[in-house]
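Student: I'd like to go through this structure with you, one question at a time. Can we start with the words we need?

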Amino acid sequence: MNSFRTLNNVAGWLVFALAAIVLGAAAEPTGSLWDCGEFISGAYKLQVVHPPGAPVFLLVGRLFAWGGSLVSNDPSSIAYAVNLMSALCTAFGAMFICWGTTIMARIALVGRGNEPEGGQAIAVVGAGVVAGLTSAFISSVWFSAVEGEVYAMSTFFTCMTLWAVLKWYNLPDTAQADRWLVFAIYSTGLSIGVHLLSLLTFPALAMFYYFKKREKITLTGTLVAAGAGVLFILLVQSLIITGIPKLWGFYDKLMVNSFGMPFHSGVYPTLLTLGVVFWFLLKRAQKNGNGLAQRMIVAFGVMIIAYLAYGMVVIRANANTPINMNNPSDAMRLLPYLNREQYGERPLLRGPDFDARPIRYERTPRYGRVGDRYEIVEQKIDPVFSPGDQSLFPRMGDYTQGRPALYRKWIDKPNGKTTFGDNIEFFFKYQIGWMYWRYFMWNFAGRQNGDQGYYSWDPSAGNWISGIDFYDEMRLGNQQELPEFQKNSAARNKYYMIPFFLGLLGMFFHMQRRPRDFAALMALFIITGIGIIVYSNQPPNEPRERDYVLAGSFVTFAMWVGLSVLALYDLLGNRLKMPGLAGAGVATALALTAPLLIVTQNWDDHSRSKHYASRDYASNFLNSCEPNAIIFTYGDNDTYPLWYCQEVEGIRTDVRVVNLSLIAVDWYIEQLRRTVNNSPAIKMSIASDKIRGDKRTQIPYLADQDSGREMELQQWLKFIAEDHRLPIPGGEEFETFVPSNKLFMAVDKEQVRKYNVVSDSAIVDTMHFSLGLSEKSPFLIKDQLAMLDIIANNIWERPIYWAVTVREERLLGLQDYMQLEGLALRLVPVKSQSDLRAYGMVGAGRVNEDIAFKNIMEKWAWGNFDKEKLHVDRSYMPSLQTMRVAIIRTGRQLVADGKKEQAIQLADKYFEVFPDYNFPNDQFTAFMADLYARAGANDKAAATIRKMAGSLEEQMRFHQSLSPRFQDGYEQDYQYALGNLQTLLRVADDMKDSTLANELEQQFEPYLPSQAPPMPGNIPKS
């Protein structure tokens, strides 16, 4: 017995060690994209991150960040330490999966409470090792394991909770053993402070409890047990996660408003109430001799204790840290923060489709601090729809971002009212077939490439593959003639479906041997997969792939991959009569091919050990700004990495980053009015009480009241800050209205010279612009008002920039007053003709080629992609594309100003920092060849053209090799190739190089249609 326990313990720690070494070596050495910059910054300084917060992650992350700061003076070590935390969490999770699988395996072989011996022991331990390693290295888990995000720690808690339940399940049915159930519930309580995924283990937990406690098992009893687990999730959500803050809010409002007590006084009666309730329940359970009730009450108690980690969020919000998302500084602000109200709601059981319109709105008052009291500061507005516009199981309710048309594409219904059947069709086609099954097969069959997949009918991007060419060709077209950069893509991973088939083998073996245990594990597999798909109700064309949220489901399947060892062991022993030890060894070796294939295939695209792009590209935005600047940004990837640069690595802390995704709410506007790091407070003229809560959220523009007269911006702001009440139907009113659509700012040339805004003789006396409001767009939104307030009060004293990744409409009609200085557009009192059609946002206003050239050549960093052969994730594309377009526009301006040598240097720099071993030759290569030619470097232009021609020929040959069925799917790539060829031909013609032109025509003659399309004249927008 002791020998098996020792072997089992060694196996678990071996899995931990291997996973920790591999994932630790693969962890990103600095901040990553998306939310990681925010979370690492939050962990380092214990700041308040976006709803619903992650206090346990931040507290543990703070320990790792502190450790990282001790071992090195390089601030990036802080980020690596937090990333390493994720790697270690994943490794520990794999260890628990290993031990959980050995429990299931030995129950399947020798029953509950018995220990295997000999070949059985080796097979059981082999199953655990295979399951553990598979769970650590599958794609969706590895993605989160190397970055500072919550999902790795969340998966760890899920794995630990499952292991604790299985450990209890395997022990004799005693009260002493029930402590493991209490521990499992405590684990889920801690996980609430990271992510809510671990709560989804409760249905499986309830089923294991039922199977162990009842001798006679029925289908009805099993379903009731699973339902009880679901009910437990709802109770935790309503009684703990939102119930405790509601109770605190009730008491706090009572104590403050009725008794004149200080804010937060409600904490004391809240804790007293909880204490009294638990004391009463425990005494009653003890009096009745109900041990189960006692243990359940204790379990709820420890879950509440774990949940109180959220006190850190309130404490740090009151400290007003530099990152203080939603400012949940009191009970009234905490509840909507925990409910994630800013993200809206997606009904699950019954709701409207995308074409439905509300018949009325329900308003719920929201309280906030006003002086020393709580008063109503805003209304939570919920739309109410006609019953006829609602259907069961609504799957298609998002009417934003062009999604109605996308919904119709997926159900192939161009028009007409959607039905319940349409929702079911969308659910199975998109949410299950595309957003679950595709991700599942990425992890256990193989992945086509690193491109984001949007449509199941597009064979070129984001699909799963098997690695078996004839099968993949039936689904995705000719795989032999793929262009080299696609065929050799690091993100092209082939597992030959071995993990998938081993998982099925283990699943069927488990179902045959232990149908009850299989049912409980299947419940976990479904609820952490399909259940999350149902709950999240994903609309089409998400901003990025969402496979990481389904890690719990994939980790569960990894346990069945491990249990395939038992199926193979049984086959080898019973069919081939192989001796026990030998059979166990062979079975384990065969099953180990799954994690071995996965880790070797995934390493080149999942390892981020040499990636610095998120930090470097973010620093390029900051270093494109003058000292003490204000820069408007938009979205996660051009805001959170900038916060990371400033908060953790101290890069350009003088620049104030203003996130346009947040500026429409009062708490964020108030934070702009304070000093942060080395950035002074932003001056604003509209008083805080005028924009508190929902005041001036929407300001109406009445075209018939606009005289057409321009207003000076400061006077216009003064008018809007005043109350000019405008009644509307329903007894409500707007506080004010927009008096004019046309604005101007008088240019103070003395201030312009004093602050060195621009030294140009073309400085205008007045800057005129229009807000673009109309009867079709009749509201000014609070974010626009705040932006105009910032501009009016800071324009001459502080440089004001827009990141080139901001949307064009966010320029507020000022596009012709922009000046490109790198990755930022500066507002200047010089009017220029914009070229937004050709360059997108980069084409706004004019170019200061000298500043831009210096920033690009001397200040920009390149993520190590210029030095090492690495996988370039598609999430970098917005930054990459805008950098390249900025280089092209700057280079062309240099040529136009006669600075051809500098233009050539810039083109040389482009090919140095975007080498073809990391970046395929594409339209930007063609544009750089054009830049060489414009600057007179014909030899370099010709060499670039010939080099690119080879890549184009591969693409056209591939397209020609496809059957008509697949050519449509790759048509866009083919058209891009044709457009690039036209560019090359035009450049060769401009250089008067007839030899080169003839070469190109002969080379591509077999692939060209009878009439080639005209050359596209635009640089694609960012």
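Tutor: Sure, let's sort residues by class: Ala, Val, Leu, Ile, Met, Phe, Trp, Tyr, Cys and Pro count as nonpolar, Asp, Glu, Lys and Arg as charged, and the others, Gly among them, as polar. This is a predicted model, where local features need pLDDT of at least 70, side-chain atom pairs count only at pLDDT 80 or more, and totals for chains, interfaces and linings use all residues. Residues are numbered from 1 along each chain as its sequence is written, and side-chain values use heavy atoms, with hydrogens and water left out.

Student: How many cavities of 30 Å³ or more are there?

Tutor: On a 1 Å grid over the protein atoms alone, a cavity is a set of points where a 1.4 Å probe fits but cannot get out, and lining residues have an atom within 4 Å of a point. Grid points are joined across faces, edges and corners, and a volume is the space filled by probe spheres set on the points. By this rule the count is seven.

Student: Which helix gives the most to the lining of the second largest cavity?

Tutor: That cavity has a volume of about 90 Å³, and T90, S135, V141, A152 and T155 lie nearest its centre among 16 lining residues. Helices (H or I, at least four residues) and strands (E, at least two) are DSSP runs, numbered from the N terminus. At least two lining residues come from each of α4 (76-110), α5 (118-137), α6 (139-145), α7 (150-170) and α23 (551-574). With five residues, the top contributor is α7.

Student: How many charged residues are in that lining of the second largest cavity?

Tutor: Go through it by class: ten of the lining residues are nonpolar and six are polar. For charged residues, the number is none.

Student: And which element gives the most to the lining of the largest cavity?

Tutor: The largest cavity has a volume of about 240 Å³. Its lining has 19 residues, with P322, W643, R656, V657 and V676 nearest the centre, and it divides into ten nonpolar, six polar and three charged. α27 (640-647), β8 (656-659) and α28 (666-672) each bring at least two. The most, four residues, comes from α28.

Student: What are the edge strands of the six-stranded sheet?

Tutor: Two strands pair if DSSP finds at least two bridges between them. This open sheet has mixed pairing and runs in the order β8-β7-β16-β18-β17-β19. Pairing on one side only, the edge strands are β8 and β19 (846-847).

Student: In β16, what is the bridge partner of I630?

Tutor: Strand β7 (residues 630-633) and strand β16 (residues 800-803) run parallel, joined by three bridges. Opposite I630 you'll find I800.

Student: Are α12 and α13 roughly parallel or roughly antiparallel?

Tutor: Axes are lines fitted to C-alpha atoms, for helices over the stretch in contact, and angles run from 0 to 180 degrees between N-to-C directions. The axes of α12 (residues 267-288) and α13 (residues 291-307) come within 9 Å and cross at roughly 160°. Angles under 35 degrees count as roughly parallel, over 145 as roughly antiparallel, 65 to 115 as roughly perpendicular and the rest as oblique. The two helices are therefore roughly antiparallel.

Student: Which residue does a cis peptide bond join to P51?

Tutor: Most peptide bonds are trans. Here omega is about 0°, and the partner of P51 is P52.

Terms used
On a 1 Å grid over the protein atoms alone, a cavity is a set of points where a 1.4 Å probe fits but cannot get out, and a pocket is an open set with protein on both sides within 12 Å along at least five of seven lines; lining residues have an atom within 4 Å of a point.
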